[in-house]
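Open your viewer and get ready to click through a few stops with me. At each one I'll suggest what to select and then tell you what is there.

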Amino acid sequence: MSFRGRQRSRQARQLQGSVEVSRRSPVASWLCAMLYCFGSYILADIMLGTSPLDYFQYNSHILLASAVWYLIFYCPLNLFYKCVAFLPVKLVLVALKEVVRTRKIAAGVHHAHHAYHHGVFIMVIVGYVKGSGVALISNFEQLLRGVWRPDTNEILNMSFPTKASLYGAILFTLQEAHWLPVSKSTLILIFTLFMATSKVVLTARHSHGSPFALIESWVCHLLFGSPLGGSEEEHQHPPAAVPSSPVKTREDVGEGTRKRKAKKAE
C-alpha cells in the first residue's frame, strides 16, 4: 500500500475511533475535542510560563466549540457532518482555518518577542506551536481515547500544515526582529494567500502531498545526504515475485528420466 493510502486509512481509523469514544464516553470525547480546538493555546501557555487554563475563561469560545462537537457526533442522521464534509463547504472552511493559522503564528511570535526580546529560537518555537499545536498534542489526545500509535507522531511524519507553520514562524520571527524588510501586514497577507490557496488545492485534489516536497528533497540531499525524491512512497519496492513453478531437484529429474525410459520400453 502506498504512503498516501496508508495515511488515508490511518485517518479513517482515527475517525472511527473517535466515533466509538463518543458513544462509549462522551466526557472523554469532549475533552479530546477541546484539546483539538485549543491545543495550540495550551502548549504555548505552558511554554511561556502561564496557566494552560487561561484560555478557558472565554466562555463563548468554549460554548461554540462544544456546540460544534455535539453537532458533529450527535446530530440526527449525521446531517451536520455531511454538510461540513460537502466539498464546496469544506473548501471554504479549510481556507478560513488557514487564515486563523496565520494569525495564530504571528500572534505567537509577537507574544514571545515581548517576553524574550532577544530569544529568536523561542519566538520560532512559540510561533510554530501556535500554528501546529493541534497536531503536536495529538499523541496526548490519543491517550484520552485509550489508544497509542507512536507512528502518528507529527514530528516524525510532518504534514504540510505543520511544516508550513515552522516556515511561517521563521519568517515572522525574522520580521519581528527587523531582519526581513517587509511589514507585518504584508507578510500576513502573502502567507495567508499561500496557505489558503495551497490547502484548498490539496483538499480539492484529495492529496496529502506538500508544495515543499521538491525543495526539501534537494536541500536534504545537499545538507544531510538524503536520497533525492526521498518520499516514503518512492522508496518502497514490491517484494520479489515468487516463481510460479518450483525448481526441480535431482531426485525429480531422475524420476522423470526413469519414467520416460519405461514408456519407451513399453
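Start with helix α3, residues 59-74, and show the side chains of Tyr70 and Tyr74: both sit in this helix, four residues apart, or about one turn. An α-helix has 3.6 residues a turn, so residues three or four places apart point the same way. Keep in mind as you look that this is a predicted model.

How are the rings of Tyr70 and Tyr74 arranged? Their centres are 5.2 Å apart and the planes meet at 35°, so the pair counts as tilted. Tyr70 is partly exposed, with a relative accessible area of 46%, and Tyr74 is also partly exposed, at 23%.

Now add Trp69. With Tyr70 it makes an edge-to-face aromatic pair, 6.4 Å from centre to centre and with 65° between the planes. Is Trp69 buried or exposed? Trp69 is buried, at 13% relative accessibility. Trp69 also belongs to a separate, second core of nine residues, which includes Ile62, Ala65 and Phe73 too.

Next, colour two stretches from the record. The unreviewed UniProt entry annotates residues 27-48 and 55-73 as "transmembrane region". In the model, residues 27-48 are 95% helix and 0% strand, with 28 Å between the end C-alpha atoms. Residues 55-73 are 79% helix and 0% strand, and their end C-alpha atoms lie 24 Å apart.

While you are in this part of the sequence, select the cysteines. How many disulfides does the structure hold? Zero. The sulfur of Cys75 has its closest cysteine sulfur in Cys83, but at 7.8 Å that is too far for a bond. Cys75 is buried, with a relative accessible area of 17%, whereas Cys37 is partly exposed at 35%.

Move on to the largest nonpolar core, which has 18 residues. To find its best-connected members, select Ile105, Phe160, Ala164, Ala169, Phe172, Phe191 and Met195, which have the most contacts inside it. Helices α5 (87-115), α6 (120-136), α8 (160-176) and α9 each supply at least two residues of this core.

Isolate α8 for a closer look. Its 17 residues reach 24 Å from first C-alpha to last, close to the 24 Å expected at 1.5 Å a residue. Of those 17 residues, 12 are buried, so α8 is largely enclosed by the rest of the structure. The buried ones include Phe160, Ala164, Gly168 and Phe172, but also Lys163 and Glu176. What do the buried residues of α8 pack against? Bring up α5, α6, α9 and α10 (213-224) to see their partners. Just after α8, click on His178, which takes a positive phi of about 65°.

From α8, step across to α9, residues 184-204, and pick Ser198. Ser198 is buried, with a relative accessible area of 11%. Beyond residues up to four places away in sequence, Ser198 touches Phe160 and Pro211. Then choose Met195: with its neighbours within four places set aside, Met195 is in contact with Glu98, Arg101, Thr102, Phe160 and Ala164.

For a last stop, show aromatic rings throughout. The whole structure has 14 aromatic pairs. Which residues do ring pairs link into a cluster? Select Phe160, Tyr167, Phe172, Phe191, Phe194 and Phe212 to see it. You have already met Phe160 as a contact of Ser198 and of Met195.

Key:
Residues numbered from 1 in each chain as written. Predicted model: local features only at pLDDT ≥ 70, side-chain atom pairs only at ≥ 80, totals over all residues. Heavy atoms only, no water. Buried < 20%, exposed > 50% of the residue type's maximum accessible area, 1.4 Å probe, protein only. Contact = heavy atoms within 4.5 Å. UniProt positions renumbered as here; feature names shortened; annotations may be inferred. Core = buried A, V, L, I, M, F, W, Y, C linked by side-chain atoms within 4.5 Å. Disulfide = S-S within 2.5 Å. Expected span 1.5 Å × (residues − 1). Phe/Tyr/Trp six-rings, centres within 6.5 Å; stacked < 30°, edge-to-face > 60°.
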